Amino acid sequence: MRSPIDRMIDEACGLTPEKIEEKIEQLRANRKKLFLTLRCPSCGKEQQSRRTPDDPPNAALMLMACPDHFPAGETVPVEYRDENGTVL
Ligand SMILES: [Zn+2]
């Protein structure tokens with residue numbers, strides 16, 4: 001919830017609650033384009049990670065063992081999923 005002062009400033013700048021909501025949605029969408037959620041399948045630990053050119057563009061989630069659940073010296077298997085949880 002915006003404070004009364006914030007709302008006064010918003011109004012003076014021509015920002016309506018709808019416009020602010022729209023802006024927030026845009027920022028969320030941009031963030032989704034820039035970041036992937038990394039999740040450890042063993043402990044469920046999550047982290048946001050910046051996408052790399054190697055990541056599938058429609059991937060929303062990357063399942064990868066965290067350092068605690070990663071067998072030393074082995075290649076970590078990676079699985080990508082889209083927003084609906086479909087394996088890519
Ligand atoms: Zn883990």
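Start by selecting strand 1 (residues 35-39) and strand 2 (46-50): the two run antiparallel and are joined by five bridges. Strands and helices here are DSSP runs numbered from the N terminus, with E of at least two residues for a strand and H or I of at least four for a helix. Two strands count as paired if DSSP finds at least two bridges between them. Now pick Leu36, and you will find Ser49 of strand 2 opposite.

Before going further, a word on what is on your screen. This is a predicted model, in which local features need pLDDT of at least 70 and side-chain atom pairs count only at pLDDT 80 or more, while totals for chains, interfaces and linings use all residues. Residues are numbered from 1 along each chain as its sequence is written. Try colouring by pLDDT, the predictor's confidence in each residue from 0 to 100. The protein chain averages 90, and 100% of the residues score at least 70. Confidence is lowest in helix 2 (residues 17-34), with a mean of 88, and highest in strand 4 (residues 78-82), at 95.

Next, follow the chain from strand 1 into the hairpin. Six residues lie between strand 1 and strand 2, and in this hairpin Gly44 takes a positive phi near 80°.

Return to strand 1 and add strand 3 (59-64) to the selection. Strand 1 and strand 3 pair in the parallel sense, over three bridges. Click on Leu38 and look across to strand 3, where its bridge partner is Met62.

With strand 4 added, you have the whole sheet: four strands in the order 2-1-3-4, open and with mixed pairing. Strand 2 and strand 4 are the edges, each pairing on one side only. Look along the sheet for the twist, which averages 30° from one strand to the next; axes are lines fitted to C-alpha atoms, for helices over the stretch in contact, and angles run from 0 to 180 degrees between N-to-C directions.

Which residues does His69 touch, leaving aside those up to four places away in sequence? Select His69 in the loop between strand 3 and strand 4, and the answer is Cys40, Ser42 and Cys43. Contact means that the C-beta atoms, placed from the backbone, lie within 7 Å. His69 and Cys40 are 29 residues apart in sequence, yet their C-alpha atoms are 7.9 Å apart. His69 counts as partly exposed because it has 13 C-beta neighbours inside 10 Å. On this scale, a residue is buried with 20 or more other C-beta atoms within 10 Å of its own, exposed with 12 or fewer, and partly exposed in between.

Now move to the helices. None of the nine residues of helix 1 (residues 4-12) is buried, so this helix lies largely in the open. Just after helix 1, select Gly14, whose phi is positive, near 80°. Helix 2 has 18 residues and reaches 26 Å from its first C-alpha to its last, close to the 26 Å expected at 1.5 Å a residue; the expected span is 1.5 Å times one less than the number of residues. Zero of its 18 residues are buried, so helix 2 also lies largely in the open.

Finally, zoom out to the full chain. From the N terminus on, its elements run α-α-β-β-β-β. The radius of gyration is 19 Å, well over the 12 Å that the globule rule gives for 88 residues, so the chain is more spread out than a compact globule. That radius is taken over C-alpha atoms, and the rule is 2.2 Å times the number of residues to the power 0.38. The C-alpha atoms fill a box of roughly 60 × 25 × 20 Å along the principal axes, and 1% of the 88 residues count as buried.

Methods
Contact = placed C-beta atoms within 7 Å.
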